[in-house]
Amino acid sequence: MTHTARRMFELLEPICLVTFLADECNEELAALGHRTYWDGYFASRAAPLGRVPAPVVHAAFYSFADGEAARHIPSAWETIPPEESVAARERGSAASVRRILGEELAQSPGLVRAADLTWKAATSAPTEGRVMYAGMRALAVPSDPVARLWHCATMLREHRGDGHTAALVGARIGGTEAHMLSALEQGIHPPESFGRVHHLPKERLAAVMDGLRERGLVDSDGRFTDAGRATKQRIESLTDELAAPPYDALSPSELDELVAELEPITATLVAAGSQ
């Protein structure tokens with residue numbers, strides 16, 4: 001099932017990425033009154049958790065540097081209720097998927113079937129230890145097929161993300177360290193230039209890299225050691241393993257059908273860069 005989990009990640013991720021890469025979601029959130037992209041991001045993604053304080057959002061999101069959540073939570077909710085933000089995220093994301101796919105594919109029986117099977121998988125896994133996934137599970141599932149597909153794909157993304165966080169914690173890899181290792185895996189050098197961390201203070205980035213060197217995960221030039229590459233691979237393999245349970249709900253024939261129905265949808269989104 002780990003192969004299935006990886007394949008489903010590849011097929012579903014481009015659906016989820018419209019939330020962050022296309023214009024419609026940001027426009028919907030800005031129309032509510034969110035001042036910046038990150039105000040809208042934190043407010044809408046954290047909304048399923050309820051009005052929790054910044055340290056809880058920081059813990060659940062895991063990958064953001066200290067203080068980043070507190071710049072947006074709870075201020076982003078003071079004038080805009082969380083439920084309005086999460087609804088705007090759904091509207092904008094579904095609009096992006098619909099625009100990119102075009103009317104014929106967006107209204108096709110194949111998309112409806114893909115949405116139904118994705119819903120079956122996304123609502124079947126245990127929630128224990130899966131904070132972000134549990135938050136998404138508590139939301140109403142949209143009736144519109146395009147919105148339902150995005151919603152359930154995002155639910156599975158949060159499920160996978162919770163498992164990835166567990167794998168990182170088990171490997172004693174912090175959020176910023178995880179970004180460094182991901183940058184190296186993508187061939188980005190120096191890893192400090194990676195877009196998710198380059199804005200952090202240079203002293204903070206230097207300390208993270210020094211820590212990775214002390215543990216033997218990167219060399220003096222800031223590149224993977226064999227131990228570092230193996231650690232990253234173990235994390236990814238465990239992430240796939242932990243992401244597999246939702247797909248136990250689907251029969252082999254249903255899994256094959258879901259892959260077949262998603263392939264043209266994903267290919268269209270990938271060709272557009274999910275934007």
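Okay, one definition before I start: a charge sits over a ring if NZ of Lys or CZ of Arg is within 6 Å of the ring centre and within 35 degrees of the ring normal. Keep that in mind for R196, whose charged end sits over the ring of F64, 5.1 Å from the ring centre. And a caution: what you see above is a predicted model.

Let's do the aromatics. Searching the whole structure turns up twelve aromatic pairs. Take F20 and Y41: the ring centres are 5.8 Å apart and the planes make an angle of 50 degrees, so this pair is tilted. F20 belongs to helix α1, residues 2-21, while Y41 belongs to helix α3, residues 37-46, so the pair ties together parts that are 21 residues apart in sequence. Are these two buried or exposed? F20 is partly exposed, with 23% relative accessible area. Y41 comes in at 12%, which makes this residue buried, because the cut-off for buried is under 20%.

Next pair: W38 with F64. This one is edge-to-face, 5.8 Å centre to centre with 80 degrees between the planes. W38 is in helix α3, and F64 is in the loop between α4 (54-61) and α5 (82-106), so here the pair ties together parts 26 residues apart in sequence. W38 is partly exposed at 36% relative accessibility, and F64 is buried at 9%.

If you colour the rings in your viewer, look for a cluster: ring pairs link F20, Y37, W38, Y41, F42, F61 and F64. Two arginines come in on top of rings from that group. I've already mentioned R196 over F64. The other is R45, whose charged end sits over the ring of F61, 4.1 Å from the ring centre.

Now pockets. How much space is in the largest pocket? About 1000 Å³. There are 34 residues lining that pocket, and those closest to its centre are E13, R157, H164, H179 and R196. So that's R196 again, the arginine over F64. Which helices build the wall? At least two lining residues each come from α1, α3, α4, α8 (145-170), α9 (175-185) and α11 (226-242). Helix α8 gives the most, with eight residues. For those of you thinking about chemistry, the lining splits into 14 nonpolar, nine polar and eleven charged residues.

The second largest pocket has a volume of about 210 Å³. Its lining has 15 residues, and W38, F64, E68, R196 and H199 lie nearest the centre. You'll recognise the edge-to-face pair, W38 and F64, in that list. Helices α3 and α9 each supply at least two of the lining residues. By class, that lining divides into six nonpolar, six polar and three charged.

Last stop, A94, away from the ring story. A94 is in helix α5 and, at 5% relative accessibility, counts as buried. What does A94 touch, leaving out residues up to four places away in sequence? V146 and A147. The C-alpha atoms of A94 and W150 are separated by 6.4 Å, with their positions 56 residues apart along the chain.

To wrap up, if you click on one residue, make it R196: its charged end sits over F64, and R196 is listed among the residues closest to the centre of the largest pocket and among those nearest the centre of the second largest. That's me done.

Terms used: Residues numbered from 1 in each chain as written. Predicted model: local features only at pLDDT ≥ 70, side-chain atom pairs only at ≥ 80, totals over all residues. Heavy atoms only, no water. Phe/Tyr/Trp six-rings, centres within 6.5 Å; stacked < 30°, edge-to-face > 60°. Helix = DSSP H or I, 4+ residues; strand = E, 2+ residues; numbered from the N terminus. Buried < 20%, exposed > 50% of the residue type's maximum accessible area, 1.4 Å probe, protein only. Contact = heavy atoms within 4.5 Å. 1 Å grid on protein atoms, 1.4 Å probe; cavity = no way out; pocket = protein on both sides within 12 Å on 5 of 7 lines; lining within 4 Å. Points joined across faces, edges and corners; volume = space filled by probe spheres on them. Nonpolar A, V, L, I, M, F, W, Y, C, P; charged D, E, K, R; others polar.
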